[in-house]
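Hi,

Here is the structure I said I'd pass on. Have a look at it first, and my notes on what turned up are underneath.

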Amino acid sequence: HHVKCDIKDKKLKKIIFKFKPDCIFNLAAETHVDRSIDNPESFIQSNIVGVYKLLEFFREYSKKYKSKLIHISTDEVYGDKINGRSKENDTYKPSSPYAASKAASDHLVYSYIRTYKIPAIITNCSNNYGPRQHPEKLIPKLIYNILKNKELPIYGKGKNSREWIYVDDHCDAIMDVLLNGKSGESYNISAGNEIDNITIIKKILKLMNKSLDLMEFVDERPGEDYRYSLDSLKIRTELQWNHKINFEEGIRKTIEWYLNKNTWEKIDSEGLKKLPWKK
């Protein structure tokens, strides 16, 4: 069943009790750093107030029915990681309003685990990519701009480093967390690779047979983190999870998916007004 509902709406409680889910995956979030800098309000409402509402609904529901809550979070809560890799028990140091709102939501979930003993798990994942991603995100935006022969904006010198995980691998990981993870625990999820932005751009340009002339260097955005890197040893050893898709294969599959779509809409400052894969 598909039911459209705001995470803050009391209607969500009725939906939960009606369908009696064995698990709730909370992927509802505002996620774009640039928009959180321009207007943090929606991030506070969705990522903090919304999670609080969901926790209250789930607290009541889990008293009556056996269930589990999997709260999906991000590597950005740990902030800049110049050396080494962020571990599950590292201190949170978010840099943007988006990251701060996700950090707050993680703290709320953990507080409900400790105080109310709800059966919940937190996961923190590195950058996702793959088919169907909203073109406000880096990789689909690059593909779109290349298709339209538009310039590719690169923050600073393009040396900012991120880890990337193909969306199917992330889905497999959170399913393993559901089936084998321990309530009250948190798990970092990453494919263990690090790629700077300019390398990604050059790779996509090469795969699409386009010139490097499309690259345009722009000023760093405020509060930009130089590097994120996750230590995912815990989920690999305790749950025997491992990623299956390397970046070379994943980026080819991603480009092929977008090239097969012919209904791209104009990207404005808020992203697509109509998603291209919606009929």
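**Cysteines first**

The nearest cysteine sulfur to that of Cys5 belongs to Cys23 and lies 18 Å away, so the two are too far apart for a bond. Bear in mind that this is a predicted model. Cys23 doesn't find a partner elsewhere either: its closest cysteine sulfur is the one in Cys171, at 13 Å, which is again too far for a bond. Searching the whole structure gives the matching result, with zero disulfides.

The surroundings of these two cysteines are worth a note too. Cys5 has 26% relative accessibility and therefore counts as partly exposed. Cys23 has a relative accessible area of 15%, so it falls under the 20% cut-off and is buried.

**The sheet**

Cys23 also brings us to β1, which covers residues 23-26 and is one of the edge strands of an open sheet. That sheet has four strands in the order β1-β2-β3-β8, with parallel pairing. At the other edge sits β8 (186-189); like β1, it pairs on one side only. Ignoring direction, neighbouring strands here are turned by 20° against each other on average.

If you want to check the β1 end, β1 and β2 (residues 68-74) run parallel and are joined by four bridges. Within that pair, Ile24 stands opposite Leu69 of β2.

**Helices on the sheet**

Two helices to look at here. Helix α3 (residues 41-64) packs on the sheet and touches β1 and β2, its direction making about 165° with that of β2. Helix α6 lies across β1, β2, β3 (120-125) and β8, and runs at about 145° to β2.

Is the length of α6 what its residue count should give, and what is the span between its end C-alpha atoms? The helix has 14 residues (167-180), and at 1.5 Å a residue it should span 20 Å; its end C-alpha atoms are 20 Å apart, so the two agree. As for its side chains, the buried residues in α6 include Asp169, His170 and Asp176, along with Ala173, Ile174, Val177 and Leu178.

**How far to trust it**

The average pLDDT for the protein is 90, and 93% of the residues score at least 70. The stretch to treat separately is residues 266-279, where the pLDDT is below 50. In the model, that stretch has 24 contacts beyond near neighbours in sequence.

Cheers

How values were computed
Residues numbered from 1 in each chain as written. Predicted model: local features only at pLDDT ≥ 70, side-chain atom pairs only at ≥ 80, totals over all residues. Heavy atoms only, no water. Expected span 1.5 Å × (residues − 1). Buried < 20%, exposed > 50% of the residue type's maximum accessible area, 1.4 Å probe, protein only. pLDDT = per-residue confidence, 0-100. Contact = heavy atoms within 4.5 Å. Pairing = 2+ DSSP bridges. Axes fitted to C-alpha atoms, helices over the stretch in contact; angles between N-to-C directions. Disulfide = S-S within 2.5 Å.
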